[in-house]
Amino acid sequence: MKVILLQDVKKQGKKDQVIDVSDGYANNFLISKGLAVPYNTQNKNKLERDLKSREDAEDALVHECEELKKKLANVTVKFKAKTGKDGKMFGSISSKQISDELKNIGFDIDKKKITCNHTIDTLGMHVVDINLHKKVIANVNVHVE
(Lines give C-alpha, C1' and ligand atoms only; values in the text may rest on other atoms or scores of the structure.)
Protein backbone atom coordinates (compact mmCIF):
# COMPACT_ATOMS: atom_id res chain seq x y z
CA MET A 1 0.00 0.00 0.00
CA LYS A 2 1.31 3.44 -0.89
CA VAL A 3 1.12 6.19 1.72
CA ILE A 4 2.23 9.82 2.02
CA LEU A 5 4.17 10.48 5.22
CA LEU A 6 2.99 13.45 7.29
CA GLN A 7 5.99 13.26 9.64
CA ASP A 8 9.45 11.72 9.62
CA VAL A 9 9.20 8.02 10.48
CA LYS A 10 12.34 6.27 11.64
CA LYS A 11 13.66 3.70 9.12
CA GLN A 12 10.77 4.46 6.72
CA GLY A 13 11.20 7.93 5.27
CA LYS A 14 10.96 11.68 5.62
CA LYS A 15 7.95 13.98 5.72
CA ASP A 16 6.05 14.36 2.39
CA GLN A 17 7.67 11.24 0.96
CA VAL A 18 5.58 8.59 -0.81
CA ILE A 19 6.51 5.10 0.39
CA ASP A 20 5.21 1.61 -0.18
CA VAL A 21 4.54 -0.42 2.98
CA SER A 22 2.45 -3.44 3.90
CA ASP A 23 -1.30 -2.91 4.32
CA GLY A 24 -1.32 -3.89 8.00
CA TYR A 25 1.57 -1.56 8.90
CA ALA A 26 -0.06 1.29 7.00
CA ASN A 27 -3.55 0.87 8.46
CA ASN A 28 -2.69 -0.23 11.99
CA PHE A 29 0.27 2.02 12.70
CA LEU A 30 1.00 4.83 10.23
CA ILE A 31 -2.54 5.97 9.45
CA SER A 32 -4.02 5.29 12.90
CA LYS A 33 -1.23 7.30 14.61
CA GLY A 34 -1.60 10.17 12.12
CA LEU A 35 1.87 9.66 10.65
CA ALA A 36 0.62 9.07 7.11
CA VAL A 37 -2.37 9.26 4.78
CA PRO A 38 -3.29 6.87 1.98
CA TYR A 39 -1.87 7.72 -1.43
CA ASN A 40 -4.77 8.69 -3.68
CA THR A 41 -5.44 11.51 -6.14
CA GLN A 42 -7.00 13.82 -3.55
CA ASN A 43 -4.10 13.45 -1.09
CA LYS A 44 -1.57 13.63 -3.95
CA ASN A 45 -3.05 16.94 -5.14
CA LYS A 46 -3.07 18.28 -1.58
CA LEU A 47 0.61 17.31 -1.18
CA GLU A 48 1.51 19.09 -4.42
CA ARG A 49 -0.35 22.24 -3.33
CA ASP A 50 1.37 22.19 0.07
CA LEU A 51 4.81 21.75 -1.49
CA LYS A 52 4.11 24.57 -3.96
CA SER A 53 2.95 26.94 -1.20
CA ARG A 54 6.03 26.10 0.93
CA GLU A 55 8.27 26.71 -2.07
CA ASP A 56 6.59 30.08 -2.73
CA ALA A 57 7.00 31.06 0.93
CA GLU A 58 10.66 30.03 0.80
CA ASP A 59 11.20 32.11 -2.35
CA ALA A 60 9.56 35.12 -0.70
CA LEU A 61 11.80 34.70 2.34
CA VAL A 62 14.92 34.47 0.16
CA HIS A 63 13.84 37.61 -1.71
CA GLU A 64 13.31 39.43 1.60
CA CYS A 65 16.76 38.34 2.78
CA GLU A 66 18.30 39.55 -0.50
CA GLU A 67 16.77 42.99 0.09
CA LEU A 68 18.16 43.05 3.63
CA LYS A 69 21.56 42.00 2.26
CA LYS A 70 21.55 45.00 -0.09
CA LYS A 71 20.78 47.32 2.82
CA LEU A 72 23.49 45.77 5.00
CA ALA A 73 26.13 46.10 2.27
CA ASN A 74 26.49 49.83 2.98
CA VAL A 75 26.47 49.54 6.77
CA THR A 76 29.59 50.07 8.84
CA VAL A 77 29.40 49.35 12.55
CA LYS A 78 31.83 51.46 14.60
CA PHE A 79 33.34 50.63 17.97
CA LYS A 80 35.74 52.54 20.18
CA ALA A 81 38.18 50.40 22.13
CA LYS A 82 40.95 50.98 24.60
CA THR A 83 44.39 49.85 23.54
CA GLY A 84 47.71 49.19 25.18
CA LYS A 85 51.09 50.66 24.30
CA ASP A 86 51.63 48.41 21.28
CA GLY A 87 48.16 49.08 19.79
CA LYS A 88 46.67 45.77 20.96
CA MET A 89 43.08 45.96 22.22
CA PHE A 90 42.01 45.01 25.73
CA GLY A 91 39.51 42.24 24.99
CA SER A 92 37.71 41.78 21.69
CA ILE A 93 34.47 42.65 19.91
CA SER A 94 31.87 39.90 20.26
CA SER A 95 28.96 38.96 18.02
CA LYS A 96 26.57 40.15 20.76
CA GLN A 97 28.12 43.62 20.66
CA ILE A 98 27.80 43.69 16.87
CA SER A 99 24.17 42.54 17.13
CA ASP A 100 23.37 45.23 19.72
CA GLU A 101 24.98 47.92 17.57
CA LEU A 102 23.02 46.74 14.51
CA LYS A 103 19.82 46.96 16.59
CA ASN A 104 20.70 50.57 17.45
CA ILE A 105 21.01 51.29 13.72
CA GLY A 106 17.69 49.62 12.98
CA PHE A 107 18.52 46.05 11.93
CA ASP A 108 17.19 43.26 14.13
CA ILE A 109 19.79 40.52 13.66
CA ASP A 110 20.29 37.64 16.09
CA LYS A 111 23.83 37.20 17.44
CA LYS A 112 23.79 33.52 16.44
CA LYS A 113 23.58 34.51 12.78
CA ILE A 114 26.78 36.56 12.98
CA THR A 115 29.97 34.67 12.18
CA CYS A 116 33.51 35.95 12.03
CA ASN A 117 36.47 33.98 10.72
CA HIS A 118 38.81 35.57 13.24
CA THR A 119 38.57 37.36 16.57
CA ILE A 120 38.20 41.10 16.33
CA ASP A 121 40.97 42.17 18.67
CA THR A 122 42.89 44.67 16.55
CA LEU A 123 42.13 48.18 15.36
CA GLY A 124 40.94 48.78 11.81
CA MET A 125 38.33 47.41 9.44
CA HIS A 126 37.02 43.86 9.74
CA VAL A 127 34.43 42.05 7.62
CA VAL A 128 31.79 39.96 9.41
CA ASP A 129 29.42 37.47 7.75
CA ILE A 130 25.73 37.39 8.65
CA ASN A 131 23.81 34.22 7.76
CA LEU A 132 20.40 35.64 6.87
CA HIS A 133 19.31 32.41 5.19
CA LYS A 134 21.06 29.24 4.10
CA LYS A 135 21.15 30.71 0.58
CA VAL A 136 21.90 34.34 1.58
CA ILE A 137 25.00 35.53 3.42
CA ALA A 138 25.51 39.26 3.95
CA ASN A 139 28.73 41.08 4.84
CA VAL A 140 28.99 43.93 7.33
CA ASN A 141 32.01 46.11 7.93
CA VAL A 142 33.13 46.51 11.54
CA HIS A 143 35.41 49.48 12.20
CA VAL A 144 37.34 49.48 15.47
CA GLU A 145 39.06 52.70 16.47
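## Strands 5 and 6 and the four-stranded sheet

Ile114 is bridged to Ile130 of strand 6 in this predicted model. The two strands involved, strand 5 and strand 6 (residues 124-133), pair in the antiparallel sense, and two bridges connect them. In general, the strands of a sheet pair through backbone hydrogen bonds, in either a parallel or an antiparallel arrangement.

Strands 5 and 6 belong to an open sheet of four strands, ordered 4-7-6-5, with mixed pairing. Strand 4 (76-79) and strand 5 (114-115) each have a single partner strand and stand at the edges, so one side of each has no neighbour in the sheet.

## Helix 3 on the four-stranded sheet

Helix 3 (residues 95-105) lies across strand 4, strand 5, strand 6 and strand 7 (136-144). Its direction makes an angle of about 115° with strand 4.

Which residues of helix 3 are buried? Ile98, Ser99 and Leu102 are buried in helix 3. These residues are on the same side of helix 3 because the arc they cover around the axis is only 100°. An α-helix has 3.6 residues a turn, so residues three or four places apart point the same way.

The buried residues of helix 3 pack against strand 4, strand 5, strand 6 and strand 7, and also against helix 2. Just after helix 3 comes Gly106, which has a positive phi of about 125°.

## His133

His133 is located in strand 6. Is the residue His133 buried or exposed? With a relative accessible area of 11%, His133 is buried, because the cut-off for that class is under 20%.

Leaving aside residues up to four places away in sequence, His133 touches Glu58, Leu61, Val62 and Cys65.

## The three-stranded sheet and helix 2

A second group of strands, three in number, forms an open sheet in the order 2-1-3 with antiparallel pairing. Strand 2 (18-20) and strand 3 (36-38) are the edge strands, each pairing on one side only. From one strand to the next, the twist averages 35°.

Strand 1 (residues 2-5) pairs with strand 3 in the antiparallel sense, over three bridges. Leu5 has Ala36 of strand 3 as its bridge partner. Helix 2 (residues 41-72) lies across strand 1, strand 2 and strand 3, and runs at about 30° to strand 1.

## Aromatic rings

The structure holds one aromatic pair. The ring centres of Tyr25 and Phe29 are 5.5 Å apart and the planes are at 20°, so the pair is stacked; the stacked class requires planes under 30 degrees apart.

Both residues of the pair, Tyr25 and Phe29, lie in helix 1 (residues 23-31), four residues apart, which is about one turn of the helix. Tyr25 is partly exposed, at 28% relative accessibility. Phe29 is also partly exposed, with a relative accessible area of 33%. Both values fall in the class of partly exposed residues because that class lies between the 20% and 50% cut-offs.

A further ring contact involves a charge: the charged end of Lys2 sits over the ring of Tyr39, at 5.6 Å from the ring centre.

Notes:
Residues numbered from 1 in each chain as written. Predicted model: local features only at pLDDT ≥ 70, side-chain atom pairs only at ≥ 80, totals over all residues. Heavy atoms only, no water. Pairing = 2+ DSSP bridges. Contact = heavy atoms within 4.5 Å. Axes fitted to C-alpha atoms, helices over the stretch in contact; angles between N-to-C directions. Buried < 20%, exposed > 50% of the residue type's maximum accessible area, 1.4 Å probe, protein only. Arc of directions from axis to C-beta. Phe/Tyr/Trp six-rings, centres within 6.5 Å; stacked < 30°, edge-to-face > 60°. Lys NZ or Arg CZ within 6 Å of the ring centre and 35° of its normal.
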